[in-house]
Amino acid sequence: MSEFNAATFEATIASLTSGLGTVSAKCGEAQIAANAALANPLVVGWLADAIVWAFDKLIEGARWLIDRIGELLQNAIAPVQMALKAFSWIDDVQKPMNTLSDSIQPRNLANDDQWSGVAAKAYRRGVEPQDDAARAIAGVGATMAVQLGVCAAAGLGFYIALGVIVVKFIAAMATAIAAFGTAVFSWAGLLLVVEEAAITPAMIIAAVSGLATVLGVSSNAMIQTRTSMANFPGANWPVGTN
(Lines give C-alpha, C1' and ligand atoms only; values in the text may rest on other atoms or scores of the structure.)
Protein backbone atom coordinates (compact mmCIF):
# COMPACT_ATOMS: atom_id res chain seq x y z
CA MET A 1 0.00 0.00 0.00
CA SER A 2 1.82 3.07 -1.22
CA GLU A 3 -0.57 5.81 -0.08
CA PHE A 4 -3.64 6.41 2.03
CA ASN A 5 -7.00 6.66 0.27
CA ALA A 6 -9.95 7.78 2.38
CA ALA A 7 -12.60 6.14 0.19
CA THR A 8 -10.76 2.82 0.18
CA PHE A 9 -10.30 3.02 3.93
CA GLU A 10 -13.98 3.73 4.55
CA ALA A 11 -15.00 0.81 2.33
CA THR A 12 -12.47 -1.46 4.04
CA ILE A 13 -13.76 -0.69 7.54
CA ALA A 14 -17.38 -1.12 6.41
CA SER A 15 -16.56 -4.47 4.81
CA LEU A 16 -14.61 -5.61 7.87
CA THR A 17 -17.46 -4.70 10.21
CA SER A 18 -19.95 -6.47 7.96
CA GLY A 19 -17.65 -9.49 7.85
CA LEU A 20 -17.68 -9.81 11.62
CA GLY A 21 -21.46 -9.78 11.49
CA THR A 22 -21.32 -12.61 8.96
CA VAL A 23 -18.99 -14.61 11.21
CA SER A 24 -21.46 -14.21 14.06
CA ALA A 25 -24.32 -15.36 11.84
CA LYS A 26 -22.28 -18.35 10.66
CA CYS A 27 -21.88 -19.43 14.28
CA GLY A 28 -25.64 -19.85 14.45
CA GLU A 29 -25.68 -21.74 11.16
CA ALA A 30 -22.88 -24.01 12.39
CA GLN A 31 -24.87 -24.75 15.57
CA ILE A 32 -27.90 -25.77 13.54
CA ALA A 33 -25.81 -27.92 11.15
CA ALA A 34 -23.93 -29.62 14.00
CA ASN A 35 -27.15 -30.38 15.89
CA ALA A 36 -28.69 -31.82 12.72
CA ALA A 37 -25.62 -34.01 12.20
CA LEU A 38 -25.72 -35.25 15.78
CA ALA A 39 -29.42 -36.08 15.39
CA ASN A 40 -28.54 -38.45 12.55
CA PRO A 41 -28.93 -42.03 13.89
CA LEU A 42 -25.80 -43.04 11.98
CA VAL A 43 -23.69 -40.56 13.91
CA VAL A 44 -22.70 -42.25 17.17
CA GLY A 45 -19.66 -42.83 19.38
CA TRP A 46 -16.38 -41.42 18.18
CA LEU A 47 -18.01 -39.68 15.21
CA ALA A 48 -20.38 -37.72 17.45
CA ASP A 49 -17.45 -36.80 19.69
CA ALA A 50 -15.49 -35.64 16.66
CA ILE A 51 -18.33 -33.39 15.46
CA VAL A 52 -18.73 -31.85 18.91
CA TRP A 53 -14.97 -31.27 19.15
CA ALA A 54 -14.80 -29.68 15.69
CA PHE A 55 -17.81 -27.48 16.41
CA ASP A 56 -16.37 -26.30 19.72
CA LYS A 57 -13.04 -25.44 18.10
CA LEU A 58 -14.77 -23.58 15.29
CA ILE A 59 -16.88 -21.48 17.65
CA GLU A 60 -13.87 -20.86 19.87
CA GLY A 61 -11.98 -19.53 16.85
CA ALA A 62 -14.94 -17.41 15.75
CA ARG A 63 -15.31 -15.78 19.16
CA TRP A 64 -11.58 -15.12 19.35
CA LEU A 65 -11.67 -13.54 15.89
CA ILE A 66 -14.67 -11.33 16.69
CA ASP A 67 -13.15 -10.18 20.00
CA ARG A 68 -9.66 -9.47 18.66
CA ILE A 69 -10.71 -7.66 15.50
CA GLY A 70 -13.37 -5.81 17.45
CA GLU A 71 -10.60 -4.49 19.70
CA LEU A 72 -8.46 -3.52 16.71
CA LEU A 73 -11.39 -1.67 15.13
CA GLN A 74 -11.59 0.59 18.18
CA ASN A 75 -8.54 2.45 16.84
CA ALA A 76 -9.68 2.50 13.22
CA ILE A 77 -9.82 6.31 13.28
CA ALA A 78 -6.02 6.50 13.72
CA PRO A 79 -5.03 6.18 10.02
CA VAL A 80 -7.50 8.94 9.11
CA GLN A 81 -6.09 11.22 11.80
CA MET A 82 -2.54 10.51 10.62
CA ALA A 83 -3.46 11.35 7.03
CA LEU A 84 -5.06 14.63 8.12
CA LYS A 85 -2.02 15.50 10.24
CA ALA A 86 0.23 14.78 7.26
CA PHE A 87 -1.62 17.37 5.19
CA SER A 88 -1.49 19.76 8.13
CA TRP A 89 2.32 19.53 8.31
CA ILE A 90 2.46 20.44 4.63
CA ASP A 91 -0.06 23.29 4.69
CA ASP A 92 0.80 24.77 8.08
CA VAL A 93 4.55 24.21 8.23
CA GLN A 94 6.33 23.17 5.03
CA LYS A 95 4.62 25.57 2.59
CA PRO A 96 4.78 28.70 4.81
CA MET A 97 8.45 28.08 5.61
CA ASN A 98 9.32 27.52 1.97
CA THR A 99 7.52 30.75 1.14
CA LEU A 100 9.47 32.58 3.83
CA SER A 101 12.77 31.13 2.61
CA ASP A 102 12.00 32.17 -0.96
CA SER A 103 11.03 35.69 0.04
CA ILE A 104 14.41 36.40 1.66
CA GLN A 105 16.60 34.96 -1.08
CA PRO A 106 19.22 37.42 -2.46
CA ARG A 107 17.34 37.72 -5.74
CA ASN A 108 14.36 39.11 -3.85
CA LEU A 109 16.33 41.57 -1.73
CA ALA A 110 17.40 45.09 -2.64
CA ASN A 111 20.78 45.08 -4.41
CA ASP A 112 23.74 47.34 -3.66
CA ASP A 113 22.55 49.90 -6.19
CA GLN A 114 19.25 50.20 -4.36
CA TRP A 115 20.43 49.91 -0.79
CA SER A 116 23.94 49.96 0.63
CA GLY A 117 25.77 50.94 3.73
CA VAL A 118 26.04 49.60 7.29
CA ALA A 119 22.33 48.96 7.68
CA ALA A 120 22.12 47.03 4.41
CA LYS A 121 25.09 44.85 5.36
CA ALA A 122 23.66 44.17 8.82
CA TYR A 123 20.32 43.26 7.31
CA ARG A 124 21.84 40.80 4.85
CA ARG A 125 23.90 39.20 7.63
CA GLY A 126 20.74 38.80 9.68
CA VAL A 127 18.74 37.34 6.82
CA GLU A 128 21.11 34.45 6.09
CA PRO A 129 20.42 32.46 9.29
CA GLN A 130 16.72 33.22 8.85
CA ASP A 131 16.83 31.37 5.54
CA ASP A 132 18.65 28.42 7.14
CA ALA A 133 16.05 28.27 9.90
CA ALA A 134 13.11 28.49 7.50
CA ARG A 135 14.47 25.71 5.32
CA ALA A 136 15.15 23.56 8.38
CA ILE A 137 11.56 23.93 9.60
CA ALA A 138 10.28 23.24 6.08
CA GLY A 139 12.35 20.05 6.12
CA VAL A 140 10.80 19.02 9.42
CA GLY A 141 7.35 19.62 7.94
CA ALA A 142 8.18 17.52 4.89
CA THR A 143 9.58 14.66 6.96
CA MET A 144 6.62 14.62 9.33
CA ALA A 145 4.17 14.70 6.42
CA VAL A 146 5.88 11.81 4.64
CA GLN A 147 6.19 9.63 7.73
CA LEU A 148 2.63 10.28 8.88
CA GLY A 149 1.52 9.40 5.35
CA VAL A 150 3.47 6.16 5.58
CA CYS A 151 1.80 5.37 8.92
CA ALA A 152 -1.66 6.12 7.51
CA ALA A 153 -1.03 3.90 4.48
CA ALA A 154 0.29 1.13 6.74
CA GLY A 155 -2.88 1.39 8.80
CA LEU A 156 -4.99 1.03 5.67
CA GLY A 157 -2.95 -1.98 4.58
CA PHE A 158 -3.36 -3.49 8.05
CA TYR A 159 -7.15 -3.28 8.00
CA ILE A 160 -7.24 -4.65 4.46
CA ALA A 161 -5.19 -7.61 5.73
CA LEU A 162 -7.68 -8.13 8.56
CA GLY A 163 -10.48 -8.10 6.00
CA VAL A 164 -8.76 -10.87 4.05
CA ILE A 165 -8.44 -12.91 7.25
CA VAL A 166 -12.14 -12.51 8.00
CA VAL A 167 -13.09 -13.60 4.48
CA LYS A 168 -10.86 -16.64 4.84
CA PHE A 169 -12.44 -17.55 8.15
CA ILE A 170 -15.94 -17.17 6.75
CA ALA A 171 -14.97 -19.59 3.97
CA ALA A 172 -13.66 -22.06 6.58
CA MET A 173 -16.94 -21.82 8.48
CA ALA A 174 -18.93 -22.37 5.29
CA THR A 175 -16.84 -25.48 4.64
CA ALA A 176 -17.52 -26.75 8.16
CA ILE A 177 -21.25 -26.13 7.88
CA ALA A 178 -21.32 -27.98 4.57
CA ALA A 179 -19.36 -30.86 6.10
CA PHE A 180 -21.78 -31.15 9.01
CA GLY A 181 -24.63 -31.32 6.53
CA THR A 182 -23.23 -34.15 4.42
CA ALA A 183 -23.33 -36.79 7.18
CA VAL A 184 -20.07 -38.08 5.73
CA PHE A 185 -17.31 -37.39 8.23
CA SER A 186 -13.78 -38.43 9.00
CA TRP A 187 -11.25 -37.28 11.52
CA ALA A 188 -9.04 -36.12 8.64
CA GLY A 189 -11.82 -33.99 7.18
CA LEU A 190 -12.77 -32.45 10.51
CA LEU A 191 -9.13 -31.77 11.36
CA LEU A 192 -8.75 -29.96 8.05
CA VAL A 193 -11.70 -27.71 8.86
CA VAL A 194 -10.29 -26.89 12.30
CA GLU A 195 -6.82 -26.34 10.85
CA GLU A 196 -8.19 -23.79 8.38
CA ALA A 197 -9.79 -21.85 11.21
CA ALA A 198 -6.76 -22.17 13.49
CA ILE A 199 -4.53 -20.32 11.02
CA THR A 200 -6.39 -17.12 11.83
CA PRO A 201 -4.63 -16.14 15.11
CA ALA A 202 -1.21 -16.53 13.52
CA MET A 203 -2.30 -14.39 10.56
CA ILE A 204 -3.58 -11.62 12.83
CA ILE A 205 -0.39 -11.68 14.90
CA ALA A 206 1.65 -11.44 11.70
CA ALA A 207 -0.43 -8.47 10.51
CA VAL A 208 -0.02 -6.67 13.85
CA SER A 209 3.73 -7.36 13.86
CA GLY A 210 4.08 -6.00 10.34
CA LEU A 211 2.19 -2.84 11.25
CA ALA A 212 4.28 -2.37 14.41
CA THR A 213 7.48 -2.62 12.37
CA VAL A 214 6.39 0.09 9.93
CA LEU A 215 5.18 2.37 12.72
CA GLY A 216 8.44 1.85 14.61
CA VAL A 217 10.57 2.87 11.63
CA SER A 218 8.40 5.91 10.90
CA SER A 219 8.36 6.98 14.54
CA ASN A 220 12.14 6.83 14.65
CA ALA A 221 12.36 8.95 11.49
CA MET A 222 10.06 11.55 13.05
CA ILE A 223 12.09 11.59 16.25
CA GLN A 224 15.25 12.16 14.23
CA THR A 225 13.86 15.46 12.94
CA ARG A 226 15.15 17.00 16.16
CA THR A 227 18.57 17.17 14.47
CA SER A 228 17.15 20.02 12.39
CA MET A 229 17.13 22.10 15.55
CA ALA A 230 20.89 22.51 15.12
CA ASN A 231 19.96 25.59 13.05
CA PHE A 232 18.30 27.12 16.10
CA PRO A 233 20.96 28.21 18.64
CA GLY A 234 19.51 27.86 22.11
CA ALA A 235 16.36 26.34 20.58
CA ASN A 236 15.29 29.85 19.48
CA TRP A 237 14.68 31.37 16.09
CA PRO A 238 17.89 33.14 14.93
CA VAL A 239 18.15 36.80 15.88
CA GLY A 240 17.41 38.95 12.85
CA THR A 241 19.64 41.87 13.77
CA ASN A 242 23.17 42.16 15.12
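## Salt bridges, a patch and two pockets

D91 is partly exposed, with a relative accessible area of 42%. Keep in mind that this is a predicted model. So what does D91 pair up with? The side chain of D91 meets that of K95 in a salt bridge, at 3.5 Å from N to O. The partner, K95, is partly exposed too, at 48% relative accessible area. D91 and K95 both sit in helix α3 (residues 78-103), 4 residues apart, and that spacing puts about one helical turn between them.

Here's the general idea: side chains of opposite charge can pair when their charged atoms come close. A search of the whole structure turns up 4 salt bridges. The table gives some details for three pairs, including the one we just met.

| Pair | N to O distance | Helix and spacing |
|---|---|---|
| K26 and E29 | 3.4 Å | α1 (residues 6-39), 3 residues apart |
| D91 and K95 | 3.5 Å | α3 (residues 78-103), 4 residues apart |
| D131 and R135 | 3.3 Å | α4 (residues 118-182), 4 residues apart |

Are K26 and E29 buried or exposed? K26 is buried, with a relative accessible area of 18%, while E29 is partly exposed at 37%. Because K26 and E29 are 3 residues apart in helix α1, about one helical turn separates them.

D131 and R135 split in a similar way: D131 counts as buried at 12% relative accessibility, but R135 counts as partly exposed at 43%. About one helical turn lies between D131 and R135 in helix α4.

Now for some residues without charge. V146, V150 and V214 make a nonpolar surface patch of about 200 Å². One of them, V146, is found in helix α4.

Next, the pockets. Rolling a probe the size of a water molecule over the atoms shows where empty space is left. The largest pocket has a volume of about 310 Å³. Its lining has 17 residues, and F4, A83, A86, F87 and G149 lie nearest the centre. Which helix gives the most to this lining? That's α3, with 7 residues. By class, the lining of the largest pocket divides into 13 nonpolar, 3 polar and 1 charged.

The second largest pocket has a volume of about 190 Å³. Its lining residues include L72, M82, F158 and L215. Helices α3, α4 and α5 (187-223) each supply at least two lining residues here, and α4 has the largest share, with 4. The lining of this second largest pocket has 10 nonpolar, 2 polar and no charged residues.

Terms used: Residues are numbered from 1 along each chain as its sequence is written. This is a predicted model: local features need pLDDT of at least 70, side-chain atom pairs count only at pLDDT 80 or more; totals for chains, interfaces and linings use all residues. Side-chain values use heavy atoms; hydrogens and water are left out. Buried means under 20% relative accessible area, exposed over 50%, partly exposed in between (1.4 Å probe, protein chains only). Patches are made of residues with over 30% relative accessible area and no salt bridge: like charges are joined within 9 Å, nonpolar side chains (Val, Leu, Ile, Met, Phe, Trp, Tyr) within 5 Å. Accessible areas come from the Shrake-Rupley method with a 1.4 Å probe; for residues, only the protein chains shown count as cover. On a 1 Å grid over the protein atoms alone, a cavity is a set of points where a 1.4 Å probe fits but cannot get out, and a pocket is an open set with protein on both sides within 12 Å along at least five of seven lines; lining residues have an atom within 4 Å of a point. Grid points are joined across faces, edges and corners, and a volume is the space filled by probe spheres set on the points. Ala, Val, Leu, Ile, Met, Phe, Trp, Tyr, Cys and Pro count as nonpolar, Asp, Glu, Lys and Arg as charged, and the others, Gly among them, as polar.
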